[in-house]
Amino acid sequence: NRGANLTIFSGGSNLADITRTSNNIVRDSLADGIAANGQFTLVENNQVFNLGVFGNLSSPFAGLRGSGIFRNNLVYNTEVGLLLTGSATGNTIFNSIQAGMWVGGMGTIAENTIYSNPVGILTRDLGGNGTTDDNLLLTGNLVYGNATGVRVEGVSARLVNNTIYQSTGNAIVGSQPIGLHVENNILSVDTGFAISVPNGSPTWSGDYNAFQIRSTGGIASLATVNFNDLTAWSFAQGTDRNSFVADPQFLDFDGPDNVLGFSGGNFGADDNFRVADSSPTIDRGNPATFFGREPIPNGNRIDLGAYGNTALATSAAPELIQILSPNGLEKLEEGQSVTLRFQSAGLAPERIVAQLSSSNATSQDWSAGAAYRLVGSNNNTTANIDVSGVSNPPPLPLFQSYATTTSSVVGDSL
């Protein structure tokens, strides 16, 4: 049977027309678990497990499949846990035969927990779904105990604020990737590499990552060149100038039972990858990244890893001053003037909650606010903007980038 136990379709064109399937249990079957087709189909709070093997590696059975929105589902003991061209948030997936999650289209993969699979997250184009640009975002995911953490094949991907922990194998693998952006992550490896690109020459960018090398592993491997030293990697690639090597101080990564991930009757629910309050990963993310979901005090700066900008982030010191630059890797000459940049928290009676532009513009400590709009489009101008009447104005690029509504109705909102 190549069909699915549950198939839902949506011909809707907006959230008001959404089709939902929730709170189902699908188990013990030789077919896909739940298939959801259509941008406005929602699959949430379901349990799917113990599905058979189709035997076709290019078209495997999947616990969940489709182009919909997949949220807060539990999937295990399947060929592929979740095979999608849509978005996935808050799912727990483990013990799959091929991959925990196979992403074949543009979308956001956020705050999922994926462990004990041959590949945690596989990004591979499923027949021309448009992942050749950088619209695929992997953020806030906890990926651990897999043979390979995240594998990017022939597409571009942005990995931001993930925690990837490897007992063996590599954390991030790029196979002929078009582009990779790696930022605000915790990458912990034992004998493998945090980043490995065995073939291809991707457009590369990244910074503000924490690397933990627990044994004989290394920072990165590009084709036949290995980088075991972060400074050498940074100067060679021009990236990771604000990254560092340290122990993240996970609270109890393998739980009280000392068993990591899935093992027999142990489903890994007690594994704890939150960090201690002395962790060097606290308040070390890109200063321009939004941090407003973290509990107060939060240092006015996002934490690294999967719990950054979440309610589970570890609280920061109530009063804090951080030097942002110079950070130790600059090459300076005697007598050269240098700008000292710093940020503080808890020292003034007022607290910055967020600094957001209305569009996709970022500058200094300002974040793009486009993701927080309901509708509208981003626009840019090169015109000089007169800000002489603005007290303490934001940087000029924020005025040169703006949002407009896509509606023709007067008074319609963004």
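**Close-up views of the predicted model**

**View A. Ala-223 sits in a loop between two strands.** The strands on either side of Ala-223 are β28 (218-222) and β29 (225-227). Please keep in mind that this is a predicted model. What is the sign of phi at Ala-223? Phi is positive here, about 55°, although Ala-223 is not a glycine.

**View B. Asn-184 is a buried loop residue with a positive phi.** Look for Asn-184 in the loop that runs between β23 (179-183) and β24 (186-189). Its phi is near 65°, a positive value in a residue other than glycine. Is Asn-184 buried or exposed? Asn-184 counts as buried because its relative accessibility is 0%, and the cut-off for buried is under 20%.

**View C. The largest nonpolar core brings together 44 residues.** Which residues have the most contacts inside this core? They are Met-101, Ile-109 and Ile-121. Strand β25, covering residues 193-199, gives the most to the core, with three residues. As a bit of background, nonpolar side chains tend to be buried together in soluble globular proteins.

**View D. Ile-121 can be viewed with the residues it contacts.** Setting aside neighbours within four places in sequence, Ile-121 is in contact with Met-101 and Ile-109, among others. Its contacts also include Val-103, Ile-114, Leu-138, Val-143 and Val-150. Asn-141, Gly-149 and Arg-151 are in contact with Ile-121 too.

**View E. A second core is separate from the largest one.** How many residues does this second core have? It has 17, and Tyr-76, Ile-186, Ala-210 and Val-275 are among them.

**View F. A nonpolar patch lies on the surface.** Its members are Ile-321, Ile-323, Leu-340, Phe-342 and Leu-347, and together they have about 530 Å² of accessible area. Where is Leu-340? You will find Leu-340 in the loop between β33 (320-325) and β34 (341-345). Leu-340 counts as exposed because its relative accessible area is 53%, and the cut-off for exposed is over 50%.

**View G. A cis peptide bond joins Ile-296 and Pro-297.** The omega angle of this bond is about 0°. Pro-297 belongs to the loop between β32 (272-275) and β33.

**View H. Ser-325 and Pro-326 are joined by a cis peptide bond.** What is omega for the bond between Ser-325 and Pro-326? Omega is about 0°. Pro-326 is found in the loop between β33 and β34, and Leu-340 from View F has its place in the loop between β33 and β34 as well.

Note on methods:
Residues numbered from 1 in each chain as written. Predicted model: local features only at pLDDT ≥ 70, side-chain atom pairs only at ≥ 80, totals over all residues. Heavy atoms only, no water. Core = buried A, V, L, I, M, F, W, Y, C linked by side-chain atoms within 4.5 Å. Buried < 20%, exposed > 50% of the residue type's maximum accessible area, 1.4 Å probe, protein only. Helix = DSSP H or I, 4+ residues; strand = E, 2+ residues; numbered from the N terminus. Contact = heavy atoms within 4.5 Å. Patch = residues over 30% accessible without salt bridge, like charges linked within 9 Å, V, L, I, M, F, W, Y side chains within 5 Å. Areas by Shrake-Rupley, 256 points an atom, 1.4 Å probe, with all protein chains shown as cover. Salt bridge = Lys/Arg side-chain N within 4 Å of Asp/Glu carboxyl O.
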